[in-house]
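Q: Could you take a close look at one part of this model for me, the place where its chains meet, and then work outward from there? I would enjoy one connected account.

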Amino acid sequence: MTERGVLLVLPAWNEAENLEAVVGELRSVRPLDEFLLVDDGSTDGTGAEARRLGVPVLTLPFRLGYGAAVQAGIKWGLRAEHRLVVTFDTDGQHDPRDIAGLAEAAAQGADLVIGSRVGVAGAHSGSWPRRAGRRLFALLVRALTGLSLSDPTSGLKALGPRAQALFAAARFPDRCPDADALVLAQRAHLRVEERPAHMRRSRNRHSMHDGRAVAYTGNMLFSLLVAAMCREADLRR
Amino acid sequence: MPLRQKVFFLAVAVVLLLTIVDLVRRRRMRVEYSWLWIAAGASIIALILQYDLLIHLTALIGTAVTTSTLFFLCILFLAVLSLSYSVQLSRLSWEVKELAQEVALLRREREQATPAQPGRA
């Protein structure tokens, strides 16, 4: 089996404007990694812009939402047998220099590594409802799993093969898998860790999983509780 | 139960059942989705022919009058129906998501196998 290196999965919905800067920075920091932009039904030519920049594109036929776009990229990584898939948002809020720390944790045996902005000096921590939500979900994840993860809603994640397989399951939560995904990972006996991440302000107003915050919180709360009740067989569905 | 009522509701039930059979016959509805409706039509007929059933049922669940039992059954039926729709819709949306991702993955595989010609981005 020829194992391949790191695949950076870049979910994007209408990010044409930011792409050049984000990809440029990624390339200069991670010259050896493979990139895959997942174009989630963009209407602003994001896919064409990515091709112009020489980034391979996975084009979804219509908009599936953040979680399903990320999942499509993970499926590609799984099939191409990448030893590590890193999900990295294209709105400019993630810092490519944090990937090294995540990759190192994975190399030391972690199946799933989360980039956490909590406790990182200078990291952009978002508005107060966001911070409150993060605290709430962190507390819930700890209550349900015993895992002490400070930033369960982070989109910056590194997935080893076992985590890729879990996240690629057909019925894995695909709206915005974050806190619930961590609970599921723990129930699947994956080793979950976190590493510091230097979050920045998003370059645009529409962060992909922004808006409808109340619905999101409600869905996530329920999804978390159900995730905690999942049996092993449910995880493979 | 007066004869007039019996005949009326029997006619309604028969029309309902025939409509369902016709929908399935013309492939407008899948057999799997028809059983709940068939059950509804069949229970109307059963209750008309055996009105005692409704009286027994009323006594069993403790409602005051038979009409309440009927209303309860109707609402229960509608609730079960929408629940089954939610399940089917969820399954469909998962399937659509899987298909869309698969289309994207296959397209990417094909692109990789046959590199784009120069001038064609």
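A: Happily! In this predicted model, chain A and chain B bury about 1700 Å² between them, and 58% of that area is on carbon and sulfur atoms. On the chain A side, A:W76, A:R79 and A:R171 lose the most area to chain B, together 33% of what that side buries. Counted by contacts, 21 residues of chain A touch 17 residues of chain B.

Chain B also has a backbone detail to look at. B:R27 sits in the loop that joins α1 (3–25) to α2 (31–49) of chain B, and its phi is near 55°, a positive value in a residue other than glycine. Most residues other than glycine have a negative phi. The side of the story told by accessibility is simple: B:R27 is exposed, with a relative accessible area of 71%.

Chain A has a residue of this kind too. A:E81 is not a glycine, yet its phi is positive, about 60°. Its place is the loop between α3 (66–79) and β4 of chain A, and A:E81 is partly exposed, with a relative accessible area of 33%.

From that loop we can step into the sheet. Chain A holds an open sheet of 7 strands in the order β3-β2-β1-β4-β6-β5-β7, with mixed pairing. β3 (57–59) and β7 of chain A stand at the edges with a single partner strand each, so one side of each has no neighbour in the sheet. On average, neighbouring strands of this sheet are turned by 20° against each other, direction ignored. Within the sheet, β4(A) and β6(A) pair in the antiparallel sense over 3 bridges, and A:T87 stands opposite A:K157 in β6(A). As for the helices, α1(A) lies across β1 and β2 (34–39) of chain A, running at about 160° to β2(A).

Helix α4 (residues 99–107) of chain A deserves a pause. Its residues A:I99, A:L102, A:A103, A:A105 and A:A106 are buried. Seen down the axis of α4(A), these buried residues fall within an arc of 160°, so they line one face of the helix. The face turned away from that buried side carries the exposed residues A:E104 and A:A107. What do the buried residues of α4(A) pack against? Their partners are β1 (4–12), α1 (16–29), β4 (82–87), β5 (112–116), β6 (157–159) and β7 (192–196) of chain A. After α4(A) comes A:G109, with a positive phi near 115°.

That leaves the nonpolar interior. The largest nonpolar core has 47 residues, and those with the most contacts inside it are A:L112, A:L166, A:F167 and A:V192. α3(A) gives the most to this core, with 7 residues. Apart from this core lies another, of 28 residues, among them A:L19, A:L26, A:L37 and A:V55. To see the surroundings of one core residue, start from A:F167: leaving aside residues up to four places away in sequence, A:F167 touches A:Q71, A:I74, A:L112, A:K157, A:L159, A:F172 and A:A181. One of these, A:K157, is the residue of β6(A) that stands opposite A:T87.

Notes:
Residues are numbered from 1 along each chain as its sequence is written. Chains are lettered from A and ligands numbered from 1 in the order in which they are written. This is a predicted model: local features need pLDDT of at least 70, side-chain atom pairs count only at pLDDT 80 or more; totals for chains, interfaces and linings use all residues. Side-chain values use heavy atoms; hydrogens and water are left out. Buried means under 20% relative accessible area, exposed over 50%, partly exposed in between (1.4 Å probe, protein chains only). Helices (H or I, at least four residues) and strands (E, at least two) are DSSP runs, numbered from the N terminus. The arc is that of the directions from the helix axis to the C-beta atoms. Contact means heavy atoms within 4.5 Å. Two strands pair if DSSP finds at least two bridges between them. Axes are lines fitted to C-alpha atoms, for helices over the stretch in contact, and angles run from 0 to 180 degrees between N-to-C directions. A nonpolar core is a set of buried Ala, Val, Leu, Ile, Met, Phe, Trp, Tyr and Cys residues joined through side-chain atoms within 4.5 Å. Buried area is the accessible area (1.4 Å probe) that two parts lose on being put together, summed over both.
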